[in-house]
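Work through the exercises below with the model open. Try each task before reading its solution.

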Amino acid sequence: MGIEKYLVVTDLLCSREFPAEDGRSDLGIAGPGYHTAALATSHGLRVADPALRRQTQERFHEDLEALAALLAERWGEPSHIGLQTVLLRTGDEEIPEPWARLSHLVADAYLWEAREYGRWIVLGVADRDPADEIRLLLTATETDPP
């Protein structure tokens, strides 16, 4: 999927109704108050050479920066949100979705408030787990950041 298609997915996630229950959607996963799409996913990195994994991480982060620049044209400069503290808080308190799940996947992300949709837009690279594939994730949620 190219950057232009990422923008189409962004528009879809901003305009779709949220489902009543957690589950899969045609774009990824969704639940009450959120949609998350994997814009890009690596293949075979679970057992790949660490150098190949680093190279793929760099490419995904480059795609993240390119998309972030386009989204900044729509919604202004993003906030940067570190999700490490959110991850730590999941052990002691109930963190709402999609934030709890994102904190397990993404170390830090870009965040915009898309006021015209009444949603937060979160963009990050899911690369925390070296035994998992790398994904470029985009989330639209009505739940305020924790």
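**Exercise 1. A glycine in a loop**

Classify Gly-44 by its relative accessibility, and place it in the chain.

Solution. Gly-44 has 43% relative accessibility, so it counts as partly exposed. The classes are buried (under 20% relative accessible area), exposed (over 50%) and partly exposed in between, with a 1.4 Å probe and protein chains only. Next, the place: Gly-44 sits in the loop between E3 and H2. Element names follow DSSP runs numbered from the N terminus: helices are H or I runs of at least four residues, strands are E runs of at least two. Last, a contact in space: the C-alpha atoms of Gly-44 and Asp-132 are 9.1 Å apart, although 88 residues separate the two along the chain.

Some ground rules apply throughout. This is a predicted model, where local features need pLDDT of at least 70 and side-chain atom pairs count only at pLDDT 80 or more, while totals for chains, interfaces and linings use all residues. Residues are numbered from 1 along each chain as its sequence is written, and side-chain values use heavy atoms, with hydrogens and water left out.

**Exercise 2. The sheet order**

Write down the strand order of the open sheet and name its edge strands.

Solution. Start with the pairing rule: two strands pair if DSSP finds at least two bridges between them. The order of the seven strands is E1-E2-E3-E7-E6-E5-E4, and the pairing is antiparallel. The edges are E1 (23-25) and E4 (79-82), each of which pairs on one side only. On average, neighbouring strands are turned by 25 degrees against each other, direction ignored.

**Exercise 3. From E1 to E3**

Trace the pairing through the first two hairpins. Which residue is the bridge partner of Gly-23 in E2?

Solution. E1 and E2 form a hairpin with two residues between them. Three bridges pair these strands in the antiparallel sense. The partner of Gly-23 in E2 is Ala-30.

Now move to E2 (residues 28-31) and E3, an antiparallel pair with four bridges. Gly-28 stands opposite Ala-37 in E3. Gly-31 has Tyr-34 as its bridge partner in E3. This hairpin also has two residues between its strands, and Gly-33 there takes a positive phi near 90 degrees.

**Exercise 4. E7 and its neighbours**

How many of the residues of E7 are buried, and which strands does E7 pair with?

Solution. Count burial: seven of the seven residues of E7 are buried, so the strand is largely enclosed by the rest of the structure. Both faces are covered. One side carries Arg-135, Leu-137, Thr-139 and Thr-141; the other carries Leu-136, Leu-138 and Ala-140.

Then take the E3 side. E3 (residues 34-41) and E7 (residues 135-141) run antiparallel, joined by seven bridges. Tyr-34 pairs with Thr-141, Ala-37 with Leu-138 and Thr-41 with Arg-135. E3 has six of its eight residues buried, so it too is largely enclosed.

Finish with the E6 side. Seven bridges join E6 to E7, again antiparallel. Here Ile-121 stands opposite Ala-140.

**Exercise 5. Two packed helices**

Describe how H1 packs against H2.

Solution. Two packed helices are described by the angle between their axes and the distance between the axes. H1 (residues 3-15) and H2 (residues 50-75) pack at about 55 degrees, with axes 10 Å apart. That makes H1 oblique to H2. Axes are lines fitted to C-alpha atoms, for helices over the stretch in contact, and angles run from 0 to 180 degrees between N-to-C directions. Under 35 degrees is roughly parallel, over 145 roughly antiparallel, 65 to 115 roughly perpendicular, and the rest oblique.

Now list the contact (heavy atoms within 4.5 Å). H1 contributes Ile-3, Tyr-6, Leu-7, Thr-10, Asp-11 and Cys-14. H2 contributes Asp-63, Ala-66, Leu-67, Leu-70, Leu-71, Arg-74 and Trp-75.

**Exercise 6. An unusual peptide bond**

Is the peptide bond from Glu-97 to Pro-98 cis or trans?

Solution. The bond is cis, with omega near 10 degrees. Pro-98 lies in the loop between H3 (84-89) and H4 (99-105). For background, most peptide bonds are trans.
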